[in-house]
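Trainee: I am new to this structure and would like a close look at a single part, with enough of its surroundings to place it. Could you take me through it slowly?

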Amino acid sequence: MRVLDILFRYVVAFLALLALWQIGAWALGPYILPAPLDVLAAWVDALRGNDLWGHIRSSAFRVATAMILAWVTAFPLGIFLGYKRRIDRFISPMVFLTYPLPKIVLLPVFLTLFGLGDLSKILLIALTTGYQILVVTRDGIRHLDGRYLESFRTLGGSPAQLIRHVLVPAALPDAMTSLKVASGTAVAVLFMAESFATQSGLGFIIMDAWGRGDQLEMFCGILSMSLLGLMVYETCHITEKLLCRWKKLETKR
Amino acid sequence: MDLTAPLRISGLGKSFGKACVLRDISFELPAGASLSIIGPSGCGKSTLLSMVAGLTKADEGHILLPENCRSAFILQDYGLFPWKTVRDNLALPLQLQGIGRKERFEAAQAMLEELGLGGLAQRYPVQLSGGQRQRVAIGRALISRPDLLLMDEPFAALDAITREHLQNQLLDVWKRRRMSFMLVTHNVAEAVFLGRYIMVLGGRPARSVLWVENPCFGDASSRNSDVYFSLIRQVHEALEAAQKNNGPDDTDSAEGGLA
């Protein structure tokens, strides 16, 4: 019943968005905003071919690889800095000085350093999302309730066991939330990175179709990128639910 | 290995900065006996327990534990990890010792049955009542079969009925296992009921101002006996005197993490 309820709410929201889109299309005309049913028909048609799938695969590979890379580097580093205060004292000023810098401005630098292929895009997205994960994880560990550390000391575990049984699970909920929030940024950075000096990816087809004045194809790209963003977000959300089941129980009380 | 040897503490002292909290604490606890430690807030009871557990270093004196003595510590707030199920919390000490999954889960299940928590293995601590959480904490301490159990105000957060029930249950467990245990408490009746020996700490720095033996320890029906009430009176008077000598309570902050 709960699944049906969620599904129902999503369908209602989707229909409401379609209705708003249709009103907008009537108001602005098809050259600026094509009607949703026309876009959906063109999108289904494009999915029958291989071209759109190729771009979806390129974008999905870049964003997924970048987010995994961001997680496997930023999460352990955040735990390390949060726990090792002495080292954090030297590293954190560097992190906080560079944190406000919009990483997307480094796109030309990354293209020069790592080439026009996937690597530069993946590294730029990983850098952008990794910063958020790093800062939130580090703060989560710094504010970890001392009772848990004390309790673990009474059990006599090793430092490696402390990381496995206390620090990682304690840091997970905050880090997963930051990953979810970062997923939106990741897709935005992906769009920017793909709209420049490349011929693959959803960002490319959006900008390419816009340049050619092909509104239907452009909106097919926008629709695909929105769904990709939704899938990335939902994957993070489901992973969070699976890994942090206890947190949900705590918030229910 | 001689686990029949007593726990010997001699001339134990501890300071935090310039504040000397404990001085010249000496006693001998026979194997399989229990000791209740009671005293005014901030007098160093928890610090004493923490030193016996090896979590805090003593500045003076010696703690002589029997050879190969295994100890376990129960904290006031239970110390359960909210991200682990009841079964995983219970089995954690065994996991840290490298004991295999099957063996430790069987041990955890047996412990749950012993504590009357058989159906709660897959629950998380947040889904338990205070009394159930405390029983899980006791189970986690007992699962590695300690020779010495250290408890820092283990029943402080519980209501009177649950507290009494768990005191009886702890006594039952002690009768089956005969481990030594040391208990820090603020509750005079609890100190008398659960202590074969009762030590009252007082003064600044704190010293032992009363050490009495409870002749009816181990008898659950002793709560109504004259000896029990007379011991309560004796401990209460010593505690009141210690409180007067202590003056305003200002040492809590100096006592360190486990205070």
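Trainee: Before we turn to the sheet of chain B, among contacts in chain A between residues at least 6 apart in sequence, what percentage join residues at least 24 apart?

Mentor: The model is a predicted one, and in chain A the share you ask about is 75% of the contacts between residues at least 6 apart in sequence, these being the ones that join residues at least 24 apart. Chain A has 11 helices and zero strands, and its C-alpha atoms fill a box of roughly 70 × 55 × 30 Å along the principal axes. Of the 253 residues in chain A, 32% are buried. Chain A is also divided into domain 1, residues 1–33, and domain 2, residues 34–252, with 27 Å between their centres when these are taken over C-alpha atoms. Where the two domains of chain A meet, seven residues of domain 1 are in contact with four residues of domain 2, and the side belonging to domain 1 consists of six nonpolar residues and one polar residue, with no charged ones.

Now to the sheet of chain B, which is the part to look at closely. It is an open sheet of three strands, in the order β2-β1-β4, and the pairing is antiparallel. Strands β2 and β4 (60–64) of chain B are its edges, each pairing on one side only, and from one strand to the next the twist averages 20°. Helix α1 of chain B, residues 45–53, packs on this sheet and touches β1, β2 and β4 of chain B, while its direction makes about 60° with that of β2(B).

Within the sheet, follow strand β1 of chain B (residues 7–16) and strand β2 of chain B (residues 19–29), which run antiparallel and are joined by seven bridges. Two places help you to find the register: Arg8(B) stands opposite Glu28(B) in β2(B), and Leu12(B) has Ile25(B) as its bridge partner in that strand. The hairpin formed by β1(B) and β2(B) has two residues between the strands, and in this hairpin Gly17(B) takes a positive phi near 65°. As you trace the strands, keep in mind that in a regular strand the side chains alternate between the two faces of the sheet.

To set the sheet in its wider surroundings, consider how the two chains meet: 16 residues of chain B are in contact with 18 residues of chain A. Helix α2 of chain B (residues 86–96) supplies the largest share of the side of chain B that touches chain A, namely three residues, and that side as a whole has 12 nonpolar, three polar and one charged residues.

The largest nonpolar core has 119 residues, and those with the most contacts inside it include Ile125(A) and Ala186(A) as well as Ile37(B) and Val235(B). Helix α8 of chain A, residues 159–194, gives the most to this core, with 15 residues. Leaving aside residues up to four places away in sequence, Val235(B) touches several others, among them Ile38(B), Val188(B), Val200(B) and Leu210(B). In soluble globular proteins, nonpolar side chains tend to be buried together.

Notes. Residues are numbered from 1 along each chain as its sequence is written. Chains are lettered from A and ligands numbered from 1 in the order in which they are written. This is a predicted model: local features need pLDDT of at least 70, side-chain atom pairs count only at pLDDT 80 or more; totals for chains, interfaces and linings use all residues. Helices (H or I, at least four residues) and strands (E, at least two) are DSSP runs, numbered from the N terminus. Ala, Val, Leu, Ile, Met, Phe, Trp, Tyr, Cys and Pro count as nonpolar, Asp, Glu, Lys and Arg as charged, and the others, Gly among them, as polar. A nonpolar core is a set of buried Ala, Val, Leu, Ile, Met, Phe, Trp, Tyr and Cys residues joined through C-beta atoms within 7 Å. A residue is buried if 20 or more other C-beta atoms lie within 10 Å of its own, exposed if 12 or fewer, and partly exposed in between; C-beta atoms are placed from the backbone. Two strands pair if DSSP finds at least two bridges between them. Axes are lines fitted to C-alpha atoms, for helices over the stretch in contact, and angles run from 0 to 180 degrees between N-to-C directions. Domain bounds come from an automatic or database domain assignment.
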